[in-house]
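Trainee: I'm new to this one and would like a close look at a single part of it. Could you walk me through it?

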Amino acid sequence: TTLTDRPARARERLRRDAARVLLTNWTGTSTVPSHTLYPHQWSWDSAFIAIGLRHLSPRRAQRELESLVGAQWADGRIPHIVFSPRVPLDAYFPSPDFWRSSTAGRAAGAPAGTETSGIVQPPVHALAAALVHERDPATSRRRGFLERLYPRLAAWHDYLLRDRDFTGHGLASVVHPWEPGMDNSPCWDGPLRRITPAPPESFRRVDLTHGDAAARPTDLDYGRYVRLAADYRDHGYRDAGTPHPFAVEDPGFNALLIASEHALAGIAEQVGRDPRPHRERAEALTDALVRHLWQPKAGMFLCRDVRGDSVIEDRSVTGLLPLVVPSLPGHVVDALLGTVTGEHFGLGTGTRLVASYDLRGPAFDPARYWRGPAWFNINWLLERGLRLHGAASEADALRRAVLDAAGGSRFAEYVDPYTGEGHGANRFSWTAAVALDLLA
Ligand code: 9WN
């Protein structure tokens with residue numbers, strides 16, 4: 001072995017190990033995030049998984065997204081979980097008998113033959129579909145991949161902007177802390193205080209049989225998650241009829257919608273449709289994002305509590321995700337780049353990866369889920385955003401750090417941003433997927 005071929009061998013080993021994670025977590029039609037903690041199909045997980053899987057099997061990556069959109073509701077929503085009928089009910093909570101989509105969600109257009117949840121996750125799917133297509137356009141064309149996906153992705157974005165724009169700002173709101181994918185972010189603490197938790201004896205937390213309680217949300221959080229989901233269900237999952245006491249305009253969620261709307265313009269072109277409405281919508285969304293959620297004093301985007309009509313002052317990494325938006329004003333890009341490397345997120349000055357929450361924030365906890373640990377899908381997005389805006393050396397450094405932490409933690413679900421120590425599940429699918437993508 002010479003010194004020069006060692007890195008190449010290490011990369012090859014990492015690629016092989018990441019591939020093995022995705023192959024093991026493949027169920028035949030889609031990929032579970034983790035066989036233990038999350039044994040069904042999750043919406044935004046599938047998008048990141050497809051982005052990695054395209055390097056192993058473009059066809060499988062296409063199927064990953066096709067099976068997800070196969071469970072789309074008639075109103076356009078893509079549910080956050082598609083349940084596998086082969087998995088026992090007590091393997092995950094809340095299970096299909098809690099959500100009862102095929103009965104309670106009928107009026108809102110839930111499919112009859114598949115059980116799903118009734119809430120959504122960040123709309124990163126059109127971006128994933130475009131990347132999957134690019135990897136192997138011939139197979140994609142032969143299978144009619146984009147033709148089938150295009151109307152469904154367009155209906156998904158329509159749902160968000162038609163039924164979830166509660167303020168008239170032209171942005172989508174999330175109505176449950178699970179929707180932005182950052183379940184127990186300190187940003188939700190304020191809005192959640194208004195929610196009466198469901199009694200602890202009314203549900204059983206299966207997550208604690210696989211995960212360490214100190215690294216998961218608390219029982220009080222869960223009581224509120226259950227209450228919000230049950231109320232939505234009991235209103236037939238109809239946005240117009242549900243009071244939605246938790247409603248937040250989240251910058252990361254909307255930034256991913258913008259990136260996906262740009263991707264949808266490209267997809268429209270590929271399938272011979274007019275891309276202009278998508279470009280116009282992406283620009284209108286970008287203006288709305290900057291107008292309503294940009295906070296110059298913080299140097300980043302902050303969430304808006306729609307019910308409290310106030311800015312949520314906590315700095316969450318969600319406020320840096322707009323870096324994936326191509327046409328941001330220059331002053332916003334400059335400020336965001338400063339914040340990524342500044343005292344609150346400190347990339348390159350102590351932390352290895354970008355933390356999920358303000359390193360100096362009062363609620364920071366390096367081990368507890370979305371209250372500090374670094375997540376691989378988020379760091380993949382930030383790597384892409386840094387590169388998009390010309391910060392190539394920061395992007396290169398982040399790419400190396402993501403690969404080191406992914407391999408070093410055996411593809412952990414999340415890691416301590418300072419030490420890289422793994423928490424949560426291991427052999428976690430999107431960790432392996434984004435590593436594969438960054439290796440390609
Ligand atoms: C609830 C699957 C999902 C991710 C989320 C992450 C976690 C679920 C849970 O796992 O949420 O949806 O049970 O904690 O927060 O981002 O999509 O990996």
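Which residues does UniProt list for "domain: Mannosylglycerate hydrolase MGH1-like glycoside hydrolase"?

Mentor: Sure, and keep in mind that this is a predicted model. The UniProt record, an unreviewed entry, gives residues 38-431 for that domain. Over that stretch, the chain is 44% helix and 6% strand, and the C-alpha atoms at its two ends sit 14 Å apart.

Now for the strands. An open sheet is built from four of them, in the order β3-β4-β7-β8, with antiparallel pairing. At the edges stand β3 (173-174) and β8 (310-311); each has a single partner strand, so one side of each is left without a neighbour in the sheet. Further in, look at β4 (residues 248-249) and β7 (residues 304-305): they run antiparallel and are joined by two bridges. Here V248 stands opposite D305 in β7.

Next, the ligand. Around it you'll find P33, Y38, W42, W44, D45, H80, W178, G181, D183 and D207. By type, that shell splits into five nonpolar, two polar and three charged residues.

Stepping back to the whole chain, there are 17 helices and eleven strands. Its radius of gyration is 20 Å, close to the 22 Å the globule rule gives for 440 residues, so the chain is as compact as a globular protein of that length. The C-alpha trace spans about 65 × 50 × 50 Å along its principal axes, and 53% of the 440 residues count as buried. As for contacts between residues at least 6 apart in sequence, 70% join residues at least 24 apart.

Notes. Residues are numbered from 1 along each chain as its sequence is written. This is a predicted model: local features need pLDDT of at least 70, side-chain atom pairs count only at pLDDT 80 or more; totals for chains, interfaces and linings use all residues. A residue is near a molecule or strand if its C-beta atom, placed from the backbone, lies within 6 Å of it. Ala, Val, Leu, Ile, Met, Phe, Trp, Tyr, Cys and Pro count as nonpolar, Asp, Glu, Lys and Arg as charged, and the others, Gly among them, as polar. UniProt positions are given in the numbering used here, feature names are shortened, and annotations may be inferred rather than shown by experiment. Helices (H or I, at least four residues) and strands (E, at least two) are DSSP runs, numbered from the N terminus. Two strands pair if DSSP finds at least two bridges between them. The radius of gyration is taken over C-alpha atoms; the globule rule is 2.2 Å times the number of residues to the power 0.38. A residue is buried if 20 or more other C-beta atoms lie within 10 Å of its own, exposed if 12 or fewer, and partly exposed in between; C-beta atoms are placed from the backbone. Two residues are in contact if their C-beta atoms, placed from the backbone, lie within 7 Å.
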